[in-house]
Amino acid sequence: ASTCLLTPGADTCDPDGIVVTDDGTYVLNVVTGIVTFTADVDATPGTLTPIHYRVIDAWGLTAQGSLTPTIYAPPTVPALDGVDLIGNTQTFDPLDTATHDATTTILPSTIKLCGVDPVEAAPNCTQTFLTIDGVGTVEVDPTTGIITFVPDPTFDGDVPGITYVATDGLGQTATNTLNISVVPPPTPVAADDTASGPQGTDLVFDPLANDTPGDDDIASIHDLVLDPTSVRLCGPGETPPNCTQLELTTADGTYTVDPDSGEITFVGDADFIGAATEPVTYQVSNSYNVDGVDGFETDSATIVVVLFPDVPPDVVDDAPSGEVGTDLVFDPLANDSPGSNDDVLSLALDPTSVRLCGLDPLETIPNCTQLEVTTDDGVYSVDPATGEITFSGAEGFIGVATMPVAYQVSNSYIYAGASGSS
């Protein structure tokens with residue numbers, strides 16, 4: 001008797017006993033009559049299109065049949081990534097997003113870790129418990145397949161790579177890695193502050209305005225915020241995080257912390273001007289919750305205050321004129337000057353600061369706020385970018401305005417590295 005594979009689409013025996021299809025290759029062993037099918041790597045899992053074969057016995061009689069292979073989808077298991085705080089146990093469920101052929105499953109008992117001493121390589125991994133010196137332990141629950149990492153109490157950093165395997169009911173094995181990190185609690189980031197204001201005024205500022213509570217992208221951390229009630233100044237001999245002062249007096253003046261808001265008020269000595277000769281350190285803590293347990297960390301930064309001198313601009317009254325029926329556009333700053341002080345830099349008028357003094361309610365300099373004011377004579381409008389004023393006279397208005405309008409303007413300058421204005 002003899003066997004042959006039929007050429008696909010024909011009724012003739014393939015001469016070399018090898019048939020190649022879109023799904024793979026069939027090879028006939030002419031001695032044993034056994035056919036071996038090798039699927040292409042990109043073949044689609046499932047039942048394939050059959051090919052046909054013929055058997056001829058010693059009497060020359062023939063019979064014909066078909067070969068219908070089935071390709072089973074290989075299993076896959078995910079890379080397991082985890083980040084948590086020092087001392088926190090991390091758990092992973094590799095079966096949660098694992099995949100397998102519909103005809104089978106992956107049993108939890110087949111999940112194994114690759115040993116590290118001696119070293120094992122996938123797919124020949126056999127361990128359900130690993131101890132990594134100085135790092136922690138990794139264990140597989142054979143009932144659920146859950147993998148648990150318990151860090152050593154003081155370990156933080158990246159756990160050396162761990163490989164694991166899982167096998168489906170057809171004996172196919174998948175492999176992937178555990179990528180575990182252990183990090184310290186979130187630390188706030190306190191940034192240095194420079195607060196400035198005019199000499200002779202109390203300087204109130206929020207030192208936390210440019211601070212952040214830290215990184216909260218770890219799932220176990222909740223309610224991470226800066227705690228304004230934790231703001232403290234560092235007194236003589238104190239260093240963060242052990243500063244205790246709500247009030248501190250230096251050669252420059254007195255700093256006082258609002259215990260509720262964390263805002264700091266600086267009252268300079270009568271003769272203090274310029275940058276502080278004794279910068280002050282403050283500390284602030286965050287607050288957070290991890291699995292029902294409250295925690296906090298502390299950071300610190302430096303405060304430098306600058307009190308600048310009063311350098312008022314020289315402002316001269318304006319009397320613009322024009323023709324009846326046309327809008328009158330004029331620059332009120334054309335005859336003004338920014339003032340004079342040899343100790344300041346970049347002294348200039350600020351056209352964006354021009355404001356008109358409202359009439360109802362009545363406003364007075366330096367607290368005028370209006371960009372448009374209407375009087376019996378007409379409407380005054382300020383260009384907020386250039387400071388130019390446009391006057392549109394009321395119908396029938398001619399002559400000198402019966403209701404003059406006041407305006408204010410500020411200058412800008414640099415003093416002791418800080419921006420000032422008057």
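In the predicted model, an open sheet is formed by 4 strands arranged in the order β28-β32-β31-β30, with antiparallel pairing. Its edges are occupied by β28 (328–330) and β30 (372–374), each of which pairs on one side only. Between neighbouring strands of this sheet the average turn is 15 degrees, direction ignored. At the β30 edge, the antiparallel pairing with strand β31 (residues 378–382) extends over 3 bridges. Within the pairing with β31, T374 is the residue that stands opposite V379.

The sheet also contributes to the largest pocket, since at least two lining residues are supplied by each of β28 and β32 (389–393). The space in this pocket amounts to about 820 Å³. Its lining comprises 32 residues, and those lying nearest the centre are P320, L328, Y380, F391 and A401. Strand β32 provides the largest share of the lining, namely 3 residues. Classified by residue type, the lining consists of 21 nonpolar, 7 polar and 4 charged residues.

One of the residues nearest the centre of the largest pocket, A401, is located in the loop between β32 and β33 (407–415). A401 counts as partly exposed because its relative accessibility is 28%, a value between the limits of 20% and 50% that separate buried from exposed residues. The C-alpha atoms of A401 and P142 are separated by 94 Å in space, while the two residues lie 259 positions apart in sequence.

The second largest pocket holds about 170 Å³ of space. Its lining is made up of P313, V315, I365, P366, Y407, Q408, V409, S410 and S422. By class, 6 of these residues are nonpolar and 3 are polar, and no charged residue is present. Two of the lining residues, I365 and P366, are joined by a cis peptide bond with an omega of about 15 degrees. P366 belongs to the loop between β29 (345–356) and β30, and β30 is in turn an edge strand of the sheet described above.

A further cis peptide bond runs from A122 to P123, where omega is near 5 degrees. In this case the proline, P123, is situated in the loop between β11 (112–113) and β12 (129–132).

Positive phi values in residues other than glycine were examined next. S346, which is not a glycine, has a positive phi of about 55 degrees and is placed in strand β29. With a relative accessible area of 58%, S346 is exposed, as the threshold for that class is over 50%. D223 likewise adopts a positive phi, near 55 degrees, without being a glycine. This residue, D223, is part of strand β20 (residues 221–233). Its relative accessible area is 61%, so D223 is also classed as exposed.

A buried serine is found in strand β25 (residues 280–290), which contains S285. S285 counts as buried because its relative accessibility is 9%, under the 20% limit for that class. A polar contact of 2.7 Å links the side chain of S285 to the side chain of T298.

A second open sheet consists of 3 strands in the order β1-β6-β7, again with antiparallel pairing. The edge positions belong to β1 (2–5) and β7 (62–67); each has a single partner strand, and therefore one side of each is left without a neighbour in the sheet. From one strand to the next, the twist averages 25 degrees. The antiparallel pairing of strand β6 (residues 51–56) with β7 involves 6 bridges. Opposite T62 of β7 stands I56.

Methods: Residues numbered from 1 in each chain as written. Predicted model: local features only at pLDDT ≥ 70, side-chain atom pairs only at ≥ 80, totals over all residues. Heavy atoms only, no water. Pairing = 2+ DSSP bridges. Axes fitted to C-alpha atoms, helices over the stretch in contact; angles between N-to-C directions. 1 Å grid on protein atoms, 1.4 Å probe; cavity = no way out; pocket = protein on both sides within 12 Å on 5 of 7 lines; lining within 4 Å. Points joined across faces, edges and corners; volume = space filled by probe spheres on them. Nonpolar A, V, L, I, M, F, W, Y, C, P; charged D, E, K, R; others polar. Buried < 20%, exposed > 50% of the residue type's maximum accessible area, 1.4 Å probe, protein only. Polar contact = N/O pair within 3.5 Å; in protein donor to acceptor, adjacent residues only side chain to side chain.
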